[in-house]
Amino acid sequence: MTTTAVLAPEVEASEVGLDAARLARIDTHFQRYVDDGKLPGFAVLVSRRGRIVHLGSAGRRDVEADAAAEPDTVFRIFSMTKPIVSVAAMILYEQGAFELTDPISRYLPEFRDVRVFVGGSDLKPMTVPATEPIRVWHLLTHTSGLSYGFHHAHPVDAIYRAAGYEWSAPPSVNLAGAVGVFASMPLLFQPGSEWNYSVSTDVLGRLVEVVHGTALDEALRELVLDPLKMFETSFAVPEARRDRLAALYIASPSGGIVRNDAMGAFALSPTWLSGGGGLSSTLADYHRFTQFLLGRGRLGDVRLLGDRTVRYMTANHLPGNADLASFGRPLFAETPFDGIGFGLGFSVTLDPVRTHTLGSVGEFAWGGAASTAFWVDPAEELTVVFMTQLVPSSTYPIRSQLRRLVYSTLDD
């Protein structure tokens, strides 16, 4: 398979309205994280007006092997998988494969008789029938009532963990099997009534499989990855790329990092194709994805989504233009809650002042559990991709610091 092109800066900072000296502060800042033993290594890319203006990397992709983190390092992107699956689903939507208002039970009959938790405990839950079916729109917006086992905030989360679904799935379980289990467990709330970060995009990935007629890896390759020449983005990391795969680390209570081979092994040969967090990728590949989004569905001469579809996906879909602080549950997520809405697969900035972070109205973004992050700012024609491998992503304020460092470089 063809590989992605070698990355390199494409324009001087001053030509696209950025300050070169201030851009250099990005690498200096995160080098300190590496020097202090807080991050194994990182790679970062900033582009403006469609051209790469800053490319940096430092530290190690594998500390124990003394292997450097470089721009072509392969990283587990965890939840940065979600926007890719959401795009694939919307390509099928444009083709007339389903309506956003369709009950998902039309394609996944196991969701026909879901029930909602109303009391009791994880061992003896009290439930009632759902009064509203889970619809495709609910999956894309995380308003389905599904959850994650790693939240540790509700009896339903404990039910997920007891079934073997905390950060992954039990061994030998495929996507269809996992989704069948999700359908059997109670929902947190009536669909559409709240926002909760969840396995919704895993279920969406299964819906993509059913309506496309192929396994999720094949569907993503055909619909998104091959057309965008994202040839190094995949669920299984082939042998030819494994020497570039970064090791995964978790934060130590002492403030350092500890290697976690067990949690990181899924990238090698996964049985469960997790649409919510299973892909690995590179800086170059994800940069192409952000350029496709900045181009409102077009990259070069390839158009995968209509301009209006991308605008629709990156608008706030929470009822009454609410933000996550007022409509979501105060749980783990890859974004602040104040001043942030949610579209079809992306967080959406409604009010940068309320986020207490530099940014623009209309900027859309997401991140991954290993502290990876990206955002697209149409107003400033700016995209940023940051890669590292530290779980959990809430360990350090990497994303808010990165935004501050990037936006303070604007000089036009």
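Before I start, one definition: two strands pair if DSSP finds at least two bridges between them. Please also keep in mind throughout that this is a predicted model.

With that in place, let me take the strands at the N-terminal side of the talk's material, where E1 and strand E2, residues 51-62, pair in the antiparallel sense over eight bridges. Within this pairing, Arg48 has Arg51 in E2 as its bridge partner, and the hairpin that E1 and E2 make has two residues between the strands, with Arg49 taking a positive phi near 55°. E2 is in turn joined by two bridges to strand E3, residues 67-68, again running antiparallel, and here Asp62 is the residue that stands opposite Ala67 in E3. The hairpin of E2 and E3 has four residues between the strands, and in its turn Asp66 has a positive phi of about 55°.

Let me now move to the aromatic residues, of which the structure holds 22 pairs. The rings of Phe42 and Phe386 have centres 5.9 Å apart and planes at 10°, and because planes under 30 degrees apart count as stacked, this pair is stacked. What does the pair link? It connects distant parts of the chain, since Phe42 is in strand E1, residues 41-48, and Phe386 is in strand E16, residues 382-387, with their positions 344 residues apart in the numbering. Phe42 is buried, at a relative accessible area of 0%, and Phe386 is buried as well, with a relative accessible area of 0%.

A second pair has another geometry: the ring centres of Tyr165 and Phe182 lie 5.1 Å apart with the planes at 70°, so this pair is edge-to-face. Tyr165 lies in the loop between helix H4 (155-162) and helix H5 (175-184), whereas Phe182 is in helix H5 itself, so the pair ties together parts that are 17 residues apart in sequence. Tyr165 counts as buried at 4% relative accessibility, and Phe182 is buried with a relative accessible area of 1%.

Beyond single pairs, ring pairs link Tyr148, Phe150, Trp167, Trp195, Tyr197, Phe337, Phe342 and Trp366 into a cluster.

Rings also meet charges in this model. The charged end of Lys38 sits over the ring of Tyr33, 5.9 Å from its centre, while Arg403 lies over the face of Trp375, at 4.5 Å from the ring centre.

Finally, a word on the surface, where Val118, Met126 and Val128 make a nonpolar patch of about 250 Å²; of these residues, Met126 has its place in strand E6, residues 125-129.

Note on methods:
Residues are numbered from 1 along each chain as its sequence is written. This is a predicted model: local features need pLDDT of at least 70, side-chain atom pairs count only at pLDDT 80 or more; totals for chains, interfaces and linings use all residues. Side-chain values use heavy atoms; hydrogens and water are left out. Patches are made of residues with over 30% relative accessible area and no salt bridge: like charges are joined within 9 Å, nonpolar side chains (Val, Leu, Ile, Met, Phe, Trp, Tyr) within 5 Å. Accessible areas come from the Shrake-Rupley method with a 1.4 Å probe; for residues, only the protein chains shown count as cover. A salt bridge is a side-chain nitrogen of Lys or Arg within 4 Å of a carboxyl oxygen of Asp or Glu. Rings of Phe, Tyr and Trp (its six-membered ring) pair if their centres lie within 6.5 Å; planes under 30 degrees apart count as stacked, over 60 as edge-to-face and the rest as tilted. Buried means under 20% relative accessible area, exposed over 50%, partly exposed in between (1.4 Å probe, protein chains only). A charge sits over a ring if NZ of Lys or CZ of Arg is within 6 Å of the ring centre and within 35 degrees of the ring normal.
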